Amino acid sequence: MQFDISFDVANGPAAADWVVAQMSSLVALKPLALVIKVFLQQRELNEVYTGGIGSYALLTMIIAHLFLHPSRHTNPAQKVDDNLGVLLLDFLELYGRKLNNELVGVSTQEGGRFFLKKPRGLFNAERPFLFAIEDPQDPNNDIARSSYNSPRVRSAFDYAYQTIMAAQAPTVQGGSLLETMVRLDEVLCNRPCPSPPLILSTGDREAGELEEGEAAATPKSDAAKRRQLRKKERKKEKKKAKGSEKG
C-alpha cells in the first residue's frame, strides 16, 4: 500500500475532509480521478518527487474543471455530470491545449476561476511553464509548484485528446475509445473487481427480518465471511454447552 506522509502541514485533515465533501457533491469526480490517475501513472507522471502531478493537485484540477464547465453556466438544467466521456475530453482539452499555464493559474474558490500568475506571485521566471494550482485550504500555496514535468503532463493530455478525437471507431473488436489513452496493463488486468454493494431482496417482508444467509444478491467480502463463520461456531459451542449441562 502506497501512502503519503506530510510534515509541518497543519491543513492536512482539512484538505482530506474537503476532498471527501467534493466526492459526495460531484458525481463525476471519482471516476474521472481514477481514469486520469491511471493515465498519469502509466506514464510515470503521477508522483511529485519525479516532477509529476500529485493526487491532491490532480483532484483540485478536476474539481476546478467541473466547477468551470460551460454546461454549469450556459444551461444549468442540462449539466453533463453524468456524461463522463464529455467531461474527460473537456478536461484533456482544457489542461492539454486551451489553458495558457505560463500566464494563468486555476482555483476552486468562488465556484472555480482562473487568475493571473504574476500578480499573485506564483510566476516562476526560471520555470514559466509550471501549472499554478491554488491550494483550496491556503490561497498562497501553489500545490503544483514542484511539478517540473508539467510540459510532459500537458503534452500527454494533448496527445490523449487528439488520439480520442481522431478515432472514428474502437481500435480493436470489443474495445473502447478509452483504451487509446489507458492501456490494459498487467496491474489493471490482475486487479480484483470491487465488490458491488450488498442488495437484499426482502420480498413481502420488511427489511431487517431476513434470516441469516438469506437473499444475499452479491458475494460477501472475506472479512464478512469470517465474521459469519465465527458467529456460527459460537452458536454451535453454545448448543454443545447446553447439551452437556442437560446430560
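**Exercise 1. In this predicted model, determine how helices α3 and α5 are arranged and which residues join them.**

*Solution.* Step 1. Begin with the residues that touch: from α3 these are Leu58, Met61, Ile62, Ala64, His65 and Leu66, and they meet Leu87, Asp90, Phe91, Leu94 and Tyr95 of α5.

Step 2. Sort these residues by character. The contact of α3 with α5 comprises 9 nonpolar residues, 1 polar and 1 charged.

Step 3. Turn to the geometry. Two packed helices are described by the angle between their axes and the distance between the axes. For α3 and α5 the angle is about 110° and the axes are 10 Å apart.

Step 4. Classify the angle. Values of 65 to 115 degrees count as roughly perpendicular, and α3 and α5 are therefore roughly perpendicular to each other.

**Exercise 2. Describe the packing of helix α5 (residues 84–98) with helix α7 (residues 150–166).**

*Solution.* Step 1. The angle between α5 and α7 is about 130°, and their axes lie 8 Å apart.

Step 2. This angle makes α5 oblique to α7. The crossing of the two helices is left-handed.

Step 3. List the participants. On the α5 side the contact is made by Leu89, Phe91, Leu92, Glu93, Tyr95, Gly96, Arg97 and Lys98. On the α7 side it is made by Arg154, Phe157, Asp158, Ala160, Tyr161, Gln162, Ile164 and Met165.

Step 4. Sort the residues again by character: the contact of α5 with α7 has 9 nonpolar, 2 polar and 5 charged residues.

**Exercise 3. Locate Gln22 and decide whether this residue is buried or exposed.**

*Solution.* Step 1. Gln22 belongs to helix α1, which covers residues 12–25.

Step 2. Its relative accessibility is 11%. The limit for a buried residue is under 20%, so Gln22 counts as buried.

Step 3. Identify the partners. With neighbours within four places in sequence set aside, Gln22 is in contact with Leu29, Ile63 and Phe67.

**Exercise 4. Examine the backbone and the surroundings of Glu44 and Glu110.**

*Solution.* Step 1. Most residues other than glycine have a negative phi. Glu44, although not a glycine, has a positive phi of about 55°. Glu110 likewise has a positive phi of about 55°.

Step 2. Place each residue. Glu44 sits in the loop between α2 (29–41) and α3 (55–68), while Glu110 occupies the loop between β1 (104–107) and β2 (113–116).

Step 3. Assess accessibility against the cut-off for exposed residues, which is over 50%. With a relative accessible area of 64%, Glu44 is exposed. Glu110, at 72%, is exposed as well.

**Exercise 5. Compare the UniProt annotation "transmembrane region" with the modelled chain.**

*Solution.* Step 1. The unreviewed UniProt entry places this feature at residues 20–40 and 47–68.

Step 2. Residues 20–40 are 86% helix and 0% strand, and the end C-alpha atoms of this span lie 22 Å apart.

Step 3. Residues 47–68 are 64% helix and 0% strand, with the end C-alpha atoms 26 Å apart.

**Exercise 6. Summarise the protein chain as a whole, beginning with its secondary structure.**

*Solution.* Step 1. The chain contains 9 helices and 4 strands. From the N terminus on, they follow the order α-α-α-α-α-β-β-α-β-β-α-α-α.

Step 2. Burial is expressed as a share of the 247 residues: 33% count as buried.

Step 3. Among contacts with a separation of 6 or more, 54% involve residues 24 or more positions apart.

Methods:
Residues are numbered from 1 along each chain as its sequence is written. This is a predicted model: local features need pLDDT of at least 70, side-chain atom pairs count only at pLDDT 80 or more; totals for chains, interfaces and linings use all residues. Side-chain values use heavy atoms; hydrogens and water are left out. Buried means under 20% relative accessible area, exposed over 50%, partly exposed in between (1.4 Å probe, protein chains only). Axes are lines fitted to C-alpha atoms, for helices over the stretch in contact, and angles run from 0 to 180 degrees between N-to-C directions. Angles under 35 degrees count as roughly parallel, over 145 as roughly antiparallel, 65 to 115 as roughly perpendicular and the rest as oblique. A crossing is left-handed if the near helix is turned anticlockwise from the far one by less than a right angle, and right-handed if clockwise. Contact means heavy atoms within 4.5 Å. Ala, Val, Leu, Ile, Met, Phe, Trp, Tyr, Cys and Pro count as nonpolar, Asp, Glu, Lys and Arg as charged, and the others, Gly among them, as polar. UniProt positions are given in the numbering used here, feature names are shortened, and annotations may be inferred rather than shown by experiment.
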